[in-house]
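Visitor: I have a model on the screen and some questions about its fold. Could you walk me through it?

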Amino acid sequence: MICTDIKKLVTYGVETGLLEPEDVTDATNQLLDLLGMSFYEEPAKEYHAVELEPVLAAILDYAWQQGLLEENTTVYRDLFDTALMGRLMPRPSTVIANFRKFYRENPERATDYFYKLSQDSDYIRRYRIKKDEKWDTQTEYGTLEITINLAKPEKDPKAIAAAGKARAAGYPKCLLCRENEGYAGRVDHPARQNHRVIPLTVSGESWGLQYSPYVYYPEHCIVFNMEHVPMKIDRRAFEKLLDFTAQFPHYFVGSNADLPIVGGSILSHEHFQGGHHEFAMAKAPIERHIHISDYEDVEAGIVKWPMSVIRLRSRDAGRLAPLSEHILDTWRTYTDEQAFIYAETNGVPHNTITPICRKRGEHFEMDLVLRNNITTKEHPLGVFHPHAGLHHIKKENIGLIEVMGLAVLPSRLKTEMEQLAQAILENRDIRSDSVLEKHADWVAEFLPSYPDLNRDNIHEILRREIGRVFREVLEDAGVYKRTDEGNAAFLRFIEKL
């Protein structure tokens, strides 16, 4: 059976274009070496339309039986199946050459090729992504997207213990560094033999393009500095976002903010996130146009969105970077005690921006989301962060993806919502349940609105109410609330510009 599975895996490589027909013998021998096999009898039967997941699962079972896996758990199986897929991968130089050839034809053709490769190689594990739960919620701000992330595997206790005993390693420096390409991985660092990076020049600097292995939306890419340098939002960041958008006009690109709490991502390595997707924030209209001195040629306005967003629009990308810098510099030093906006306290800065760039036809658009990470005793995780009453659904930082209108919710919610639905239907005391009690106030608040709640509609109702919680999460994260007082405060900042 193992010979059959090896042939199926190599056939999969040829069918998907990872391998050329001339590579079959070499790839087969590499797999035999990895599996410690000194024999191979090729099956006479030919295979077609090979499905990857069951083939890998069978080979992993064999590897466990032969003592090649330290533990038969997700962490160790992932390390080994990535090594298997690494034996099928084209060299980085081949991938780069193909990408550049397709790019000369059309940028979208190039990213289509690279995205397919990243999935066919199992770097993006399609079978896990499919498990993510996704739905939409209609709000006054547009259609918010909700996802419960089930693709990222949780580490098992044995792997955590093994990682704690392992000698600290400084290679690769982080999960974003170029050195991950082809890296075998460890119990505390994912294997990346099936990972490829496309080198780019972005605003005169060496950067790389890759895809996120846990794609939260179509073609979720990561663009990263080839140097391990920290995140920084400044004029150069705006110039890089605009230059990437000019090179890949079918992709949006944005950056997390460069301060804790509002950053939501790895702050130690400069990187952006982008992709081929239009979020609700991008669809939201400008509800109030504004005029900024010396930039009358740039369309600018406040966006109808729960967070505080200034949109800039121009055919000339060169006009957007200096104006974005002007807004950022003004915001960095801006204090409005009446609105509880403090530029700094005790020398610690609080104001920064989450920028998002896209191209619409001949126009470049830059959305600048005003952020502030101040904390208080009442809100120790952040005043402009999901407040405590929403933590039962979303407690984590509100980063770039959430800012744009896509909630990435923790995997625990899938089980909790299934249990909660049953408890509601059975009219049980939710407060007496140690797992569900955190949802009790929320349920008590929305339940009276659904007198006809039943087994057929309970899950749809829970999804709708989770979506409404996410709307409140975004409203909490907005520095200027959508009230008369909040609007007046926002305009005070606009006057300062």
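Visitor: What is the handedness of the crossing of α9 and α11?
Guide: Bear in mind that this is a predicted model. The axes of α9 (residues 235–247) and α11 (residues 317–332) come within 9 Å. They cross at roughly 145°. The crossing of α9 and α11 is right-handed.

Visitor: How many residues of the contact of α9 with α11 are charged?
Guide: On the α9 side, R235, F238, E239 and L242 take part. They meet A317, L320, A321, P322, S324, E325 and L328 in α11. The contact divides into 7 nonpolar residues, 1 polar, and charged ones numbering 3.

Visitor: Is L323 buried or exposed?
Guide: L323 sits in helix α11. Leaving aside neighbours within four places in sequence, L323 is in contact with I292, Y295, V298 and L312. Its relative accessible area is 1%, under the 20% cut-off, so L323 is buried.

Visitor: What distance separates the C-alpha atoms of L323 and V298?
Guide: V298 is one of the contacts of L323. Along the chain the two are 25 residues apart. Their C-alpha atoms are separated by 8.8 Å.

Visitor: Are α1 and α2 parallel, perpendicular or oblique?
Guide: Helix α1 covers residues 2–16 and helix α2 covers residues 24–34. Their axes come within 10 Å and cross at roughly 135°. That angle makes α1 oblique to α2.

Visitor: Which residues of α2 make the contact with α1?
Guide: α1 passes α2 in a right-handed crossing. The residues of this contact divide into 7 nonpolar, 1 polar and no charged. From α1 come I6, L9, V10 and V14; from α2 come V24, T28, L31 and L32.

Visitor: Now the sheets. Which are the edge strands of the open sheet of 10 strands?
Guide: The pairing in this sheet is antiparallel. The strand order is β3-β4-β5-β7-β6-β13-β14-β10-β9-β8. Two strands pair on one side only, and these edge strands are β3 (198–202) and β8 (286–290).

Visitor: What is the average twist from one strand to the next in that sheet?
Guide: The sheet is open and has 10 strands. From one strand to the next, its twist averages 25°.

Visitor: Which residue in β14 stands opposite K359?
Guide: β13 (residues 351–360) and β14 (residues 363–372) run antiparallel. They are joined by 10 bridges. Opposite K359 in β14 stands F364.

Visitor: Which helix packs on this sheet, touching β3 and β4?
Guide: The helix in question covers residues 107–120. Its direction makes about 55° with that of β4 (205–211). It is helix α6.

Visitor: What is the strand order in the open sheet of 3 strands?
Guide: The pairing in this sheet is mixed. β1 and β2 run antiparallel, joined by 7 bridges. β2 and β15 pair in the parallel sense over 4 bridges. The order is β1-β2-β15.

Visitor: How many residues does the hairpin use to join β1 to β2?
Guide: Within this pair, T137 has L144 in β2 as its bridge partner. A hairpin joins β1 to β2, and its residues number 2.

Visitor: Which side chains of β1 point to the buried face?
Guide: Side chains alternate along β1. K134, D136 and Q138 point to one face and are not buried. The other face has the buried ones: E133, W135, T137 and T139.

Visitor: Which helix lies across β1, β2 and β15?
Guide: This helix covers residues 458–477. It runs at about 65° to β1. It is α15.

Visitor: Some backbone details to finish. What is omega near for the peptide bond from Y171 to P172?
Guide: P172 lies in the loop between α8 (157–165) and β3. The bond from Y171 is cis, with omega near -15°.

Visitor: Is N346 buried or exposed?
Guide: N346 is in the loop between β11 (344–345) and β12 (348–349). Its phi is near 55°, a positive value in a residue other than glycine. The relative accessible area is 82%, over the 50% cut-off, so N346 is exposed.

Note on methods: Residues are numbered from 1 along each chain as its sequence is written. This is a predicted model: local features need pLDDT of at least 70, side-chain atom pairs count only at pLDDT 80 or more; totals for chains, interfaces and linings use all residues. Side-chain values use heavy atoms; hydrogens and water are left out. Two strands pair if DSSP finds at least two bridges between them. Contact means heavy atoms within 4.5 Å. Axes are lines fitted to C-alpha atoms, for helices over the stretch in contact, and angles run from 0 to 180 degrees between N-to-C directions. Angles under 35 degrees count as roughly parallel, over 145 as roughly antiparallel, 65 to 115 as roughly perpendicular and the rest as oblique. A crossing is left-handed if the near helix is turned anticlockwise from the far one by less than a right angle, and right-handed if clockwise. Ala, Val, Leu, Ile, Met, Phe, Trp, Tyr, Cys and Pro count as nonpolar, Asp, Glu, Lys and Arg as charged, and the others, Gly among them, as polar. Buried means under 20% relative accessible area, exposed over 50%, partly exposed in between (1.4 Å probe, protein chains only).
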